[in-house]
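Please work through the exercises below with the sequence and the model at hand. Each task is followed by a stepwise solution.

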Amino acid sequence: MGKAAVVKAYADIRAALAVLTAEVGGCGSEAFSVADPLAGSADGCLDVLAGAREVEAGFAGLKAKAAVTYAESASVVAGPGVPVQAQEMAVAAEIGCVLALGPRAASSFLATSHAVVSWLPRTFEGLQAGSLSWQHAVVMADEAASLDAAGAAALEAHFLDPAAPDAARGCPAGEMPAHRFRAKARTWRERHHAESIEKRHAKGVAERRVEFRPEQDGMAWLSACLPAAQALAGWNRLTAMSRSLQGPQESRTMAQLRADTFAEAVLDSGSGGTALGGGTSVRRGSDADADGGDGRTVSGSDGAGARVGASDGAGDVVGVGGEGAAAGAEQLSSPIRAQVLVTVPVFSLMGLTDEPAMLDGYGPIPPSMARDLVANGAGSFYRVFVDPRDGAPLEIGRKSYRVTGAMRAWLRMRDGKCPFPGCSNTSLDNDADHILAWANGGPTGISNLGQPCPKHHKLRHATGWKPTPATKNEPPGWLSPAGRHYQSEHQDWEPTHWPQGLVAGSVDIVRQNGSPWEDALAQFLRAHA
């Protein structure tokens with residue numbers, strides 16, 4: 001045993017790799033399929049890739065465990081006379097040399113390994129089982145770092161324990177790309193962090209900044225850390241302005257158009273060029289429905305693009321369009337205004353709870369930021385009822401449901417983004433697409449609609465990728481040309497946060513407040529009661 005066992009185990013692994021390499025190269029002992037060798041080879045390669053992913057995850061868990069065990073053993077061997085910081089540097093240096101990592105990367109790897117092995121047991125089990133990659137483990141460690149032990153355990157249970165009371169729905173964490181898992185884990189953390197999101201946001205605002213970083217080939221990065229609503233409004237406006245420049249005679253890509261438009265806005269003296277403004281608006285919610293559903297509303301506006309959305313709460317206000325949050329609309333030379341979509345639980349909107357709002361394309365934001373966005377106004381509203389038990393939407397009010405904009409609003413609430421696996425596109429111009437084509441008898445109903453981004457809309461109609469059936473509250477999955485099914489991500493709806501001591505209905509609560517938008521909300525609720 002001991003070193004001899006390790007040497008033999010790795011020799012067996014290398015022998016197994018040689019066998020797999022031969023199979024992929026078509027030199028295996030037998031063909032994947034005698035009837036159709038080419039199709040069999042293609043499917044066999046996918047099996048090899050799937051197996052490799054699981055084995056890589058297992059090796060990542062092994063490396064983490066070995067690194068932590070080495071660190072603990074080396075510390076004991078070094079004795080109490082070695083300063084703690086010096087010992088940590090020595091251990092990181094040794095691991096870095098063995099794994100060919102730089103000092104910073106080695107320290108980061110060791111810190112994540114400690115977190116995963118020592119106090120994220122479900123994550124470590126996922127690595128060992130091959131269901132989570134190391135990138136997913138890094139995300140879990142990062143998001144759990146500022147949580148207490150109970151919070152970290154709840155975070156793990158939500159995403160990694162299917163039997164948990166509030167288990168995540170849809171695509172399992174390990175089957176979505178790590179960047180998508182980060183977005184979902186960050187959203188959960190923001191909602192459940194012990195410290196108020198308002199306090200954390202205030203700290204972040206104090207650290208806002210612009211940074212410059214040189215890049216190769218005569219290029220450089222110019223980036224800004226801003227409040228999420230301003231940053232997203234700027235991005236959405238850059239996208240809208242760049243899209244307006246596209247045409248048969250325009251050879252630049254969207255990425256190039258965004259960069260050129262951004263440079264013109266930043267470098268312009270303000271005398272006549274394009275300025276980037278942050279325009280926003282919101283939507284509102286209604287009181288509880290007679291059958292027990294919570295009221296939630298979706299707002300949209302005409303013009304550069306309608307915005308819709310929803311979030312958890314007795315009612316939601318969502319905004320789009322509106323006056324500039326970062327710059328006055330009168331300063332803009334372009335007719336295209338910045339647009340963002342925010343969904344606000346109605347009790348949070350009124351200051352009765354501190355439940356975060358949801359900024360489409362970003363995630364949870366402080367209620368104060370959402371109220372500022374709401375105050376800029378919204379062009380129209382759709383009343384939406386949500387289930388008070390889990391926050392899932394139940395229906396859109398009948399007067400709006402037959403309107404195309406209302407159906408798009410529902411799709412936004414249901415899907416949150418392009419439903420294709422791994423896609424993060426939440427752009428406002430995602431396509432409403434019939435799953436079963438209209439020409440083939442498919443109805444124009446929510447359960448027969450998806451909202452893929454333009455790229456994946458084209459992929460669906462130009463290749464063998466096909467969406468699977470959807471439901472009222474679940475977006476379509478996808479069937480690949482190889483016949484493999486991939487689940488889509490589902491929205492993480494959560495139960496409504498009710499104010500303590502709530503006795504009367506929403507309208508009675510609103511009457512106690514006197515700001516203009518609260519009066520408007522009260523009138524809206526009465527009109528739709």
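The exercises concern a surface patch, a strand pair and the cysteines.

The model is predicted: local features need pLDDT of at least 70, side-chain atom pairs count only at pLDDT 80 or more, and totals for chains, interfaces and linings use all residues. Residues are numbered from 1 along each chain as its sequence is written, and side-chain values use heavy atoms, with hydrogens and water left out.

**Exercise 1.** Determine which elements give two or more residues to the nonpolar patch.

Solution.
Step 1. The patch consists of Val210, Phe212, Leu222, Phe262, Val266 and Leu267, with about 620 Å² of accessible area together (Shrake-Rupley method, 1.4 Å probe, only the protein chains shown counting as cover). Patch residues have over 30% relative accessible area and no salt bridge, and nonpolar side chains are joined within 5 Å.
Step 2. The elements sought are β1 (209-214) and α11 (254-267); helices (H or I, at least four residues) and strands (E, at least two) are DSSP runs.
Step 3. Helix α11 gives the largest share, 3 residues.

**Exercise 2.** Describe how β1 and β2 are joined.

Solution.
Step 1. Strand β1 runs antiparallel to β2 (residues 220-225), with 6 bridges between them; pairing requires at least two DSSP bridges.
Step 2. Glu211 lies opposite Ser223 in β2.
Step 3. The two strands form a hairpin with 5 residues between them, and Asp217 in the turn has a positive phi of about 60°.

**Exercise 3.** State how many disulfides a search of the whole structure finds.

Solution.
Step 1. The criterion is a pair of cysteine sulfur atoms within 2.5 Å.
Step 2. The search finds 0 disulfides.

Key: Patches are made of residues with over 30% relative accessible area and no salt bridge: like charges are joined within 9 Å, nonpolar side chains (Val, Leu, Ile, Met, Phe, Trp, Tyr) within 5 Å. A salt bridge is a side-chain nitrogen of Lys or Arg within 4 Å of a carboxyl oxygen of Asp or Glu.
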